[in-house]
Amino acid sequence: MINVLLAAPPAYWDEYEAPLGRALAAAGLDADLSMDHAPEDVDYIVYAPHKALQDFSPFKRCKAVLSLWAGVEKIVGNQSLTMSLARMVDPGLKKGMVEFVTGHVLRYHLGMDQHILVQDGVWRHSPPPLAQDRKVTVLGLGELGRTCAEMLVRFGFQVRGWSRSQRQVAGVSCFSSADGLLEALRGAEIVVLLLPDTPDTENVLDAEALGVLAHGAKLINPGRGPLIDDDALLAALDSGQVGHATLDVFRVEPLPAEHPFWAHPNVTVTPHIASETRADTASEVIAENIRRAEAGEPLLFVVDRAAGY
C-alpha cells in the first residue's frame with residue numbers, strides 16, 4: 001500500500017478526493033489517499049501551500065513532495081524539505097494560459113479596446129498591421145512560456161523569448177542572460193511575462209527594461225506580481241512609454257482597493273484568472289509521477305533547488 005498525504009487546505013479534499021483516487025487507480029497504484037496519515041507512514045505528499053505543514057523533517061519515509069501549484073516559491077527554500085520536489089505542469093493549466101495570453105495579445109494587436117470602449121460617433125479608419133509585422137516578446141520559456149510562444153508563432157507574430165538559461169524554441173528568437181534581456185525587449189510592442197518568482201526575476205521589468213520597449217508598448221502579466229517594478233510601470237504608463245497593461249497577478253492579492261492600478265485608465269486588472277489548475281488533469285500528473293517514482297523512473301517537472309524553479 002502506498003500512503004499518499006494530501007497536505008492542503010480542507011477545501012482541497014472535496015475537489016481532489018475523487019479525481020485523484022481515480023487517477024491513482026487508473027495508474028495501477030494501490031494507494032491510500034488521506035489528509036490524516038501519520039508523518040512516519042507517508043510515501044508521497046501532494047502539497048498546496050498552507051500553514052499547517054511547514055516542517056517536512058518528520059516525513060522520513062517520504063519519497064517526493066508533489067506540488068499542486070505551478071509556482072513553488074513558497075516551498076522551494078524550506079530547509080526541512082530534503083526529498084524531491086516536483087511542481088505542477090497541468091495540461092489544463094497550459095491550455096488555459098495559452099488561451100488567456102493569445103486572447104490578450106490579439107486584443108492589443110487588433111486594437112479592440114478602441115472599438116469596444118470608444119463609441120463616440122467618430123469614424124477612425126486605422127486597420128491593424130498583420131501579425132508578421134508585430135514584435136512580441138515572451139519573458140520566460142518554461143512550459144507555460146514556451147507553449148504560449150509557440151502559439152504566437154503559429155499566428156505569424158515576430159516572437160522573441162528570454163529565459164535565464166539559453167533555450168531553443170522553433171520560430172522564436174531566443175535570448176538569455178542579463179544582456180540578452182534588454183535585447184529581447186528592445187522595440188517590443190507587446191510583452192508577456194511568464195517567469196517564475198525568484199530573487200533573480202524580481203523587478204525584471206524595471207525602468208531601464210521598460211525604457212527599451214517600443215513607445216506605447218502593451219504588457220500582459222499572468223506570471224507573478226513581483227516581476228514588475230510597480231512604481232516604474234506607473235511612471236511609464238503616465239508618460240505613454242507603456243500604452244496599456246493587463247495585470248492578472250500582484251504582490252498582494254487580492255489587490256487592495258486603494259492600489260493605483262485599479263483607477264489607472266491604462267491598466268486592466270484581472271483577478272488572478274489567467275489560468276487554473278484543473279483537478280482532473282492535475283490528478284493525472286500526480287498519479288503519473290507516483291507511478292514513475294515507484295518504477296524507479298525520473299519524475300516529471302522536478303524543481304531545480306539552486307535556480308528556484
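**Exercise 1. Over residues 116-274, what percentages of the chain are helix and strand, and how far apart are the end C-alpha atoms?**

Before starting, note that this is a predicted model, in which local features need pLDDT of at least 70, side-chain atom pairs count only at pLDDT 80 or more, and totals for chains, interfaces and linings use all residues. Residues are numbered from 1 along each chain as its sequence is written, and side-chain values use heavy atoms, with hydrogens and water left out.

Step 1: Helices (H or I, at least four residues) and strands (E, at least two) are DSSP runs, numbered from the N terminus.
Step 2: Over 116-274, helix makes up 27% and strand 21%.
Step 3: The end C-alpha atoms lie 21 Å apart.

**Exercise 2. Describe the largest pocket.**

Step 1: A pocket is an open set of points on a 1 Å grid over the protein atoms alone, with protein on both sides within 12 Å along at least five of seven lines; lining residues have an atom within 4 Å of a point.
Step 2: Find the centre: among the 49 lining residues, Ala 70, Gly 71, Glu 73, Gly 223 and Arg 224 lie nearest to it.
Step 3: Look at the helices. α1 (11-26), α2 (91-110) and α4 (143-155) each supply at least two lining residues, and α4 gives the most, with 4.

**Exercise 3. Which element gives the most to the lining of the second largest pocket?**

Step 1: List contributors: α2, α3 (112-117) and β11 (242-247) each supply at least two residues.
Step 2: α3 gives the most, with 5 residues.

Terms used: 1 Å grid on protein atoms, 1.4 Å probe; cavity = no way out; pocket = protein on both sides within 12 Å on 5 of 7 lines; lining within 4 Å.
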